[in-house]
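Welcome! Take a moment to look over the sequence and the picture below, and then we will walk through the parts together.

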Amino acid sequence: MRTDISNINEQSPCEDLTEGLMIFAGGTSKQFKTGEWRVATPVFDKDKCKQCLLCAPVCPDGCIPVHDGRREDFDMDHCKGCGICEKACPFGAITMTS
Amino acid sequence: MSKKDRMSGNEAVAYAIRQVNPDVMPAFPITPSTEIPQLVSTYIANGEMDTEFIPVESEHSSMSAAVGAEAAGARSMTATSSCGLAFMWEELLVAASNRLPIVLTLVNRTLSGPININCDHSDGMGARDTGWIQIYAENNQEAYDNYIQAFPIAEDKRVHLPVMVCQDGFITSHAVQNILLEDDKDVKEFVGEYHPEEFLLNPGKPVAVGPYAVSNYSMEAKYNQEAAMIRSREVIKEVAARFREKFGRGFDFFEEYRCEDADYIMLIMGSAAGTAKQAADDLRDKGMKVGVLKLRVFRPFPAEEIAAALSKCKAVAVMDRCESYNGHGGPLASEVPAALFMNKVYTEVVNYVYGLAGRDFTTETAAGIFEELEDVVENKKQVRQCTYVGLRSKEGQ
């Protein structure tokens, strides 16, 4: 039975869950806001950024969007605040704040 | 039309695999089940079946590959024994919790140590809480029949759980016995085609299998899995009835051999049930009313049915071919008295541990156990629970 899993939530009775918790859709991890777990938050300073793009590939959660060869501000819905981007930035354009 | 033949248990299961012709069979050899993948490979090489055989590097991989193939939409199976099953342990749980109807043919062999290749049930019993349905065979015929019934049980929409079809290592797997083989056409018809509703290789209908679940979902998911195990009871009975109708033999949860008026019943699984039946016949000839309850389905555990079947006798010998190392007897010693107690049946129970690592279990031994039960009831003999049958010991138990 294909179920619209957006109708399932933490109050759903067991009968409404899918068999083996199978998910009938692709790319659903986007809906899972892992940003809620964040303790430290990176702050992006556009003026200091040279667009070297060393930060984007080291983000374990793909939270640094890059369009037309330029990085944009963080995807705070999914950033867990690990701080790897701050360490990778040679120009001090990323600062972790708590 | 059935065909009379003679075969070993491994040959019988391999013959059934050829008839079912599953889509995928990943396997790694281990005594005493090695012949099964070997014979299947031969069938494939001879063009008699077209299963995709994957020679993997371990049992951890064979069950992983079976999980992947089944999730992808392929009817999948594997074979193993002993430490091979132990090495699959993690994946056994993954297969069951993801509700994948994989079939595993297990040739029961003891677990180390001491390292030993002979039969007992410690491998299957070790996997008793992995969420697999477990069906045990007394002989080659039952190993063949149970394999054929495994797919319709596993793949039923009410179930969607993996099934382990067990036979005793060497005693059943290597001993040649007379057997009735069914026509390929009849077996294929009985098993049916596999058309899963949801699977990974289904264009336009994406699914994700085995997602992480937080606590708020996991408990409900586990309950749903248990509910499927409970529903499998009716499916096992239906499939057994359909098999009996089509091929004229078989049992559902257990066989009650001369139990109807029995004072003393031996509850036993696997090949030793045949020995127990012979002992029962011998004692019946001498006027002693004894019977054998041969447990076929261990998972789901038919607790109510066992309690009903044992409610009228005076005493039961519960026979474990496995040690649980808990100071309290084997798995059947725990589960059978619990089944009786929960159903308010207060029959006398004596637990015996027998046949570990291939130790012989003879008709004389079985008869001695029946006589001891009589001694317990008639003369209030105090017996030690969980006695090792035939153990050499200075305590002379």
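## Two domains of chain B in contact

Let us begin where the two domains of chain B meet: 26 residues of domain 1 of chain B are in contact with 19 residues of domain 2 of chain B. Which elements of domain 1 of chain B each supply at least two residues to the side that touches domain 2 of chain B? They are α6 (122-126), β6 (133-136) and α9 of chain B. Of these, α9(B) provides the largest share, with five residues. Sorted by class, this side of domain 1 of chain B holds 11 nonpolar, 10 polar and five charged residues.

Keep in mind that you are looking at a predicted model. In chain B, domain 1 covers residues 3-247 and domain 2 covers residues 254-388. The centres of these two domains of chain B, taken over C-alpha atoms, are separated by 28 Å.

## Chain A and its meeting with chain B

Chain A is also divided into domains: domain 1 is 1-32 and domain 2 is 33-98. Taken over C-alpha atoms, the centres of domain 1 of chain A and domain 2 of chain A are separated by 31 Å.

How many residues of chain B are in contact with chain A? There are 17 residues of chain B, and they touch 12 residues of chain A. Helix α9 (residues 215-247) of chain B gives the most to the side of chain B that touches chain A, namely six residues. That side of chain B is made up of nine nonpolar, five polar and three charged residues. You have now met α9(B) twice: it gives the most to the side of chain B that touches chain A, and it gives the largest share to the side of domain 1 of chain B that touches domain 2 of chain B.

## A sheet of six strands

Now find the open sheet of six strands in chain B, whose order is β9-β11-β10-β13-β14-β15, with mixed pairing. Which strands stand at the edges? They are β9 (254-257) and β15 (387-388) of chain B; each has a single partner strand, so one side of each has no neighbour in the sheet. Further in, strand β10 (residues 264-268) of chain B pairs with strand β11 (residues 290-295) of chain B in the parallel sense, over five bridges. As one example to look for, Ile265(B) has Gly291(B) in β11(B) as its bridge partner.

Helices pack on this sheet too. Helix α13 (residues 363-379) of chain B touches β10, β11, β13 and β14 of chain B, and its direction makes about 130° with that of β10(B). Helix α12 (residues 331-342) of chain B lies across β10, β13 (315-320) and β14 (348-353) of chain B, running at about 145° to β13(B).

## Helices that cross

Two packed helices are described by the angle between their axes and the distance between the axes. Try this on helix α10 (residues 272-285) of chain B and α13(B): their axes come within 8 Å and cross at roughly 60°. Are they roughly parallel or oblique? At that angle, α10(B) and α13(B) are therefore oblique to each other. The crossing of α10(B) past α13(B) is right-handed. In α10(B), the residues Thr275(B), Ala276(B), Gln278(B), Ala279(B), Asp282(B) and Leu283(B) meet Thr363(B), Ala366(B), Ala367(B) and Phe370(B) in α13(B). By class, this contact has six nonpolar, three polar and one charged residues.

For a second pair, look at helix α3 (residues 59-72) and helix α5 (residues 89-97) of chain B, whose axes come within 8 Å and cross at roughly 15°. The helices α3(B) and α5(B) are therefore roughly parallel to each other. Here α3(B) passes α5(B) in a left-handed crossing. His60(B), Met63(B), Ser64(B) and Val67(B) of α3(B) make the contact with Glu91(B), Leu92(B), Val94(B) and Ala95(B) of α5(B). These residues divide into five nonpolar, two polar and one charged.

## A sheet of five strands

Chain B also has an open sheet of five strands, in the order β4-β5-β7-β6-β12, with mixed pairing. Its edges are β4 (77-80) and β12 (297-299) of chain B; each has a single partner strand, so one side of each is left without a neighbour in the sheet. From one strand to the next, the twist averages 20°.

Within this sheet, strand β5 (residues 103-108) of chain B runs parallel to strand β7 (residues 163-168) of chain B, and six bridges join them. Which residue in β7(B) stands opposite Leu104(B)? That residue is Met164(B).

Methods: Residues numbered from 1 in each chain as written. Chains lettered and ligands numbered in written order. Predicted model: local features only at pLDDT ≥ 70, side-chain atom pairs only at ≥ 80, totals over all residues. Domains from an automatic or database assignment. Contact = placed C-beta atoms within 7 Å. Helix = DSSP H or I, 4+ residues; strand = E, 2+ residues; numbered from the N terminus. Nonpolar A, V, L, I, M, F, W, Y, C, P; charged D, E, K, R; others polar. Pairing = 2+ DSSP bridges. Axes fitted to C-alpha atoms, helices over the stretch in contact; angles between N-to-C directions. Parallel < 35°, antiparallel > 145°, perpendicular 65-115°, else oblique. Left-handed = near helix turned anticlockwise from the far one by under 90°.
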